[in-house]
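User: I would like to learn how to read a model of this kind, going from single residues to the whole chain. Could you take me through it step by step?

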Amino acid sequence: MGAVSAADRRPKQDRSRATRQRLLEAAVACLAEHGWAGSTVSVVAERAGVSRGAAQHHFPTREDLFTAAVEYVAEERSTALTALFPQGGEGPAGDRRAVVAALVGLYTGPLFRAALHLWVAASNEDQLRPRVTELEARVGRESHRMAVELLGADESRPGVRETVQGFLDMARGLGLATLLTDDSARRERVVVQWAALLDEALG
């Protein structure tokens, strides 16, 4: 009897996880396309193909939904980036340029666009601000840790930590530029130059 009950529960749990994932993906897409003001729970639920009630079952408040969505995609992007270089270190054949390009890619996709809208909203929403601040601190620490690992950086050496952080700050700036125009050509040249600078600075 217990085995049948467990088997019955599993499909329900799978459906619940699938619904939650659809809601998170829809929330990020809405935030990137419409901004905070145009991204209500109803709009997200409709895009995800679920009822508003189902959405609120998973995420009781709008703030819960959107902070979870950005965190979810941040984790997904981190996982995807790590999968590109599963051996760690300096990427394939020590190619720092590939690592630099992949890290810059973290700041030029829909995640960054959605996160930017969330930052703007958090600056005016007292209830949202502490959640987003905490989330961004965690995402920032993870991005830095990943960059150190993939670039093969030795942070015990003076200036290396600041060099890696400066690179990530530059990548964020490229992401901002991409919001307004197609900056891919200039971005490619900057990636080449930063890879050379990092080779020299990190050894």
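Analyst: Let us begin with one position: Thr-108 lies in the loop between helix H5 (96–105) and H6, where helices are DSSP runs of H or I with at least four residues, strands are runs of E with at least two, and both are numbered from the N terminus. This is a predicted model, in which local features need pLDDT of at least 70 and side-chain atom pairs count only at pLDDT 80 or more, while totals for chains, interfaces and linings use all residues. Residues are numbered from 1 along each chain as its sequence is written, and side-chain values use heavy atoms, with hydrogens and water left out.

User: Which class of exposure does Thr-108 fall into, and why?

Analyst: Buried means under 20% relative accessible area, exposed means over 50%, and partly exposed lies in between, with a 1.4 Å probe and protein chains only. Thr-108 has a relative accessible area of 25%, and therefore counts as partly exposed.

User: Which residues does Thr-108 touch, leaving out those up to four places away in sequence?

Analyst: A contact means heavy atoms within 4.5 Å. With residues up to four places away in sequence set aside, Thr-108 touches Leu-174, Gly-175, Thr-178 and Arg-187. As for Val-120, which is 12 residues from Thr-108 in sequence, the C-alpha to C-alpha distance is 17 Å.

User: How should I read Val-43 in the same manner?

Analyst: Val-43 belongs to helix H2 (residues 41–48), and because its relative accessibility is 32%, Val-43 counts as partly exposed. Apart from residues up to four places away in sequence, Val-43 touches Cys-30 and Gly-38. The C-alpha atoms of Val-43 and Ala-27 are separated by 8.6 Å, with these positions 16 residues apart along the chain counted as their separation.

User: Where is Gly-152 placed, and how far in space is Gly-152 from Ala-74?

Analyst: Gly-152 sits in the loop between H7 and helix H8 (160–180), and its relative accessibility of 32% is why Gly-152 counts as partly exposed. From C-alpha to C-alpha, Gly-152 and Ala-74 are 22 Å apart in space, at 78 residues apart in sequence.

User: Which residues lie nearest the centre of the largest pocket?

Analyst: On a 1 Å grid over the protein atoms alone, a pocket is an open set of points with protein on both sides within 12 Å along at least five of seven lines, and lining residues have an atom within 4 Å of a point. Here the largest pocket is lined by 22 residues, with Ala-74, Glu-136, Val-139, Gly-140 and Ser-143 nearest its centre. Helix H4 (62–84), helix H6 (110–124) and helix H7 (129–151) each supply at least two lining residues, and H7 gives the largest share, nine residues.

User: What does the chain look like as a whole?

Analyst: The protein chain has nine helices and zero strands, and its C-alpha trace spans about 60 × 45 × 30 Å along the principal axes. Of its 203 residues, 39% count as buried. Among contacts with a separation of 6 or more, 68% are between residues 24 or more positions apart.

Key: 1 Å grid on protein atoms, 1.4 Å probe; cavity = no way out; pocket = protein on both sides within 12 Å on 5 of 7 lines; lining within 4 Å.
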